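Please look over the structure shown here. The report below takes it region by region.

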Amino acid sequence: MPPDAAAVHAAGHARTPFEEQRPLVQDADLAARITDIGREALAGTPLLAGREGEAAPLREGWRFAVLDDPEPEAFLFADRTVFVSRGALAALPGEPALAALFRSAATTFASGAFRPETAGELVEQPLALVLPAEPAAGGPGDGAPSRDRWVALLDGLLFGQPAEYGVADGRELLLPRADFRLSLPDRSAFEPAERGVFRATRNGNSVGLTVREVTAAAGSAPVGGNGVPAHRAELADLGARLREAAAREAAEVTFPEAFRVRGFTGVRGRLHSAREGDSGEASGQNPRLMALVSAREFLVEVSLDCGRQRFDACEAWFLEVLGSADRLWDTPLPGPLRIAAVAPGASGSVGDALGRLAAEGRMDAGLASVEFLNRGWLEEPLGPGERVLILSRGRERTAADSGERQR
């Protein structure tokens with residue numbers, strides 16, 4: 001039950017504004033590789049097959065494109081167009097999973113998904129596709145050749161959000177829109193969580209610190225100006241915002257106080273759960289710590305969940321992080337974070353190789369993120385010259401290490 005003519009016609013109208021709002025990755029080589037994988041996947045989709053001895057017209061006319069979007073998403077239109085985001089490519093555990101996604105799209109196309117349930121109503125397009133969490137066992141292209149082709153496919157692909165939404169550069173977090181930076185103590189690092197949100201880790205484990213850049217709502221920008229009245233108004237506004245942030249998490253603020261560091265004004269306090277029967281004393285949990293800092297037309301929210309740590313040490317660490325706040329002072333931002341293929345040059349499993357690369361400082365992101373990129377083959381042995389995926393801001397350095405082409 002493929003889409004009827006009305007659904008295909010509607011797809012053409014819906015796809016134009018979709019592509020205007022969702023730009024594509026401009027990489028002809030990537031587009032060609034994705035198309036090859038898509039065509040191979042369609043060849044193994046039973047619902048698209050023709051009768052014995054006949055052509056399979058439903059396998060023709062398909063288009064596969066990569067959205068320049070860090071969110072892991074995939075979409076299908078009734079005119080046989082499949083969009084997969086670069087975030088989805090980074091989230092999939094290998095080529096078999098991508099092939100399974102394309103087969104799922106073809107099955108959806110041919111099984112009546114675009115047929116209206118009631119007369120006169122068309123199905124809204126595009127249809128969102130579910131990403132496979134794991135590669136299909138025994139799927140086409142399994143093994144080392146599949147891994148090598150997948151590594152080559154992702155090599156050079158932009159990873160995560162654009163730099164304007166913040167850059168996690170080891171111990172430093174740079175927020176260019178707010179002209180704001182924070183620094184962590186030794187052995188800690190910032191990791192991106194989502195757009196404008198970052199978490200701190202120590203030795204790859206979360207330490208409960210979250211930094212969030214918040215755009216003030218229209219008509220409610222942080223109070224500006226000079227003089228005592230303006231300063232008092234700004235503190236009152238920040239205090240109100242801190243209580244609102246606590247209320248959203250069903251918490252109450254205690255010990256609120258204002259602070260100022262290197263020209264930034266902020267407020268901080270302790271958050272206690274306001275849920276009935278969930279007091280910190282009853283559970284043994286310490287209160288959370290939260291601060292709001294006014295930075296241009298943005299607010300920077302810093303929160304720390306102390307858990308069962310010693311509260312005095314946790315609070316001292318929190319204040320140390322807040323005390324590191326500074327402007328960027330025209331510091332050049334690091335280059336974009338990209339997926340890069342490198343040859344570790346040592347035997348052992350892929351997971352062991354990644355650990356060595358991290359210890360040697362050859363990655364510009366945490367080990368957990370890189371292990372996620374390689375999770376489809378972490379336990380597999382690594383042969384001579386075989387490559388793994390890392391994250392790097394220095395494309396030329398990693399390309400030279402791998403001996404592969406540079407873009």
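What follows covers a sheet, its salt bridges, one helix and a few single residues.

## The model and a three-stranded sheet

The model is predicted. Strands S5, S6 and S7 form an open sheet, in the order S5-S6-S7, with antiparallel pairing. Its edge strands are S5 (167-169) and S7 (180-183), each of which pairs on one side only. On average, neighbouring strands of the sheet are turned by 15 degrees against each other, direction ignored.

Strand S6 spans residues 172-175 and pairs with S5 over three bridges, in the antiparallel sense. Ala-168 has Leu-173 in S6 as its bridge partner. Strands of a sheet pair through backbone hydrogen bonds, either parallel or antiparallel.

## Salt bridges around the sheet loops

The whole structure holds 24 salt bridges. Side chains of opposite charge can pair when their charged atoms come close.

Asp-186 and Arg-171 form one salt bridge, with the closest N and O atoms 3.6 Å apart. This pair links distant parts of the chain, 15 residues apart: Asp-186 sits in the loop between S7 and strand S8 (188-194), Arg-171 in the loop between S5 and S6. Asp-186 is exposed, at 54% relative accessible area. Arg-171 is partly exposed, at 41%.

Arg-296 and Asp-179 form another salt bridge, and here the closest N and O atoms are 3.9 Å apart. Their separation along the chain is 117 residues. Arg-296 lies in the loop between strand S13 (288-295) and strand S14 (298-304), while Asp-179 lies in the loop between S6 and S7. The two partners have opposite settings. Arg-296 is exposed, with 53% relative accessible area. Asp-179 is buried, with 10%.

## Pro-185 in the S7-S8 loop

Pro-185 is placed in the loop between S7 and S8. Its relative accessibility is 16%, so Pro-185 counts as buried. Beyond its neighbours within four places in sequence, Pro-185 contacts Arg-171, Trp-317, Glu-320 and Val-321. Arg-171 is thus a contact of Pro-185 and the salt-bridge partner of Asp-186.

Pro-185 and Arg-202 are 17 residues apart along the chain, and their C-alpha atoms are separated by 9.6 Å.

## A charged network on helix H1

Arg-15 and Glu-19 form a salt bridge, with the closest N and O atoms 2.8 Å apart. The two residues are four apart in helix H1 (residues 5-21), so about one helical turn separates them. An α-helix has 3.6 residues a turn, so residues three or four places apart point the same way. Arg-15 is partly exposed, at 22% relative accessibility. Glu-19 is also partly exposed, at 24%.

Which residues join Arg-15 and Glu-19 in one network? Salt bridges with shared partners bring in Arg-63 and Asp-79. Asp-79 is in the loop between strand S2 (74-77) and strand S3 (81-85). At 19% relative accessibility, Asp-79 counts as buried, because the cut-off is under 20%. The side chains of Asp-79 and Arg-15 are joined by a polar contact of 2.8 Å. Not counting residues up to four places away in sequence, Asp-79 touches Val-8, Ala-11, Gly-12, Arg-15 and Gly-61.

## Arg-86 in helix H3

Is Arg-86 buried or exposed? Its relative accessibility is 3%, so Arg-86 counts as buried. Arg-86 belongs to helix H3 (residues 86-91). A polar atom of the Arg-86 side chain lies 3.0 Å from the backbone oxygen of Gly-160.

Leaving aside neighbours within four places in sequence, Arg-86 has contacts that include Val-25, Val-66 and Leu-67. Asp-68, Asp-69 and Pro-70 are also among them. Further contacts include Leu-157, Leu-158, Phe-159 and Gly-160. Gly-160 therefore appears both in this contact list and as the owner of the backbone oxygen facing the Arg-86 side chain.

## The buried face of helix H9

Helix H9 covers residues 350-359, and its buried residues are Val-350, Gly-351, Ala-353, Leu-354 and Leu-357. Seen down the axis of H9, these residues fall within an arc of 160 degrees, so they line one face of the helix. Just after H9 comes Gly-361, with a positive phi of about 75 degrees.

How values were computed. Residues numbered from 1 in each chain as written. Predicted model: local features only at pLDDT ≥ 70, side-chain atom pairs only at ≥ 80, totals over all residues. Heavy atoms only, no water. Pairing = 2+ DSSP bridges. Axes fitted to C-alpha atoms, helices over the stretch in contact; angles between N-to-C directions. Salt bridge = Lys/Arg side-chain N within 4 Å of Asp/Glu carboxyl O. Buried < 20%, exposed > 50% of the residue type's maximum accessible area, 1.4 Å probe, protein only. Arc of directions from axis to C-beta. Contact = heavy atoms within 4.5 Å. Polar contact = N/O pair within 3.5 Å; in protein donor to acceptor, adjacent residues only side chain to side chain.
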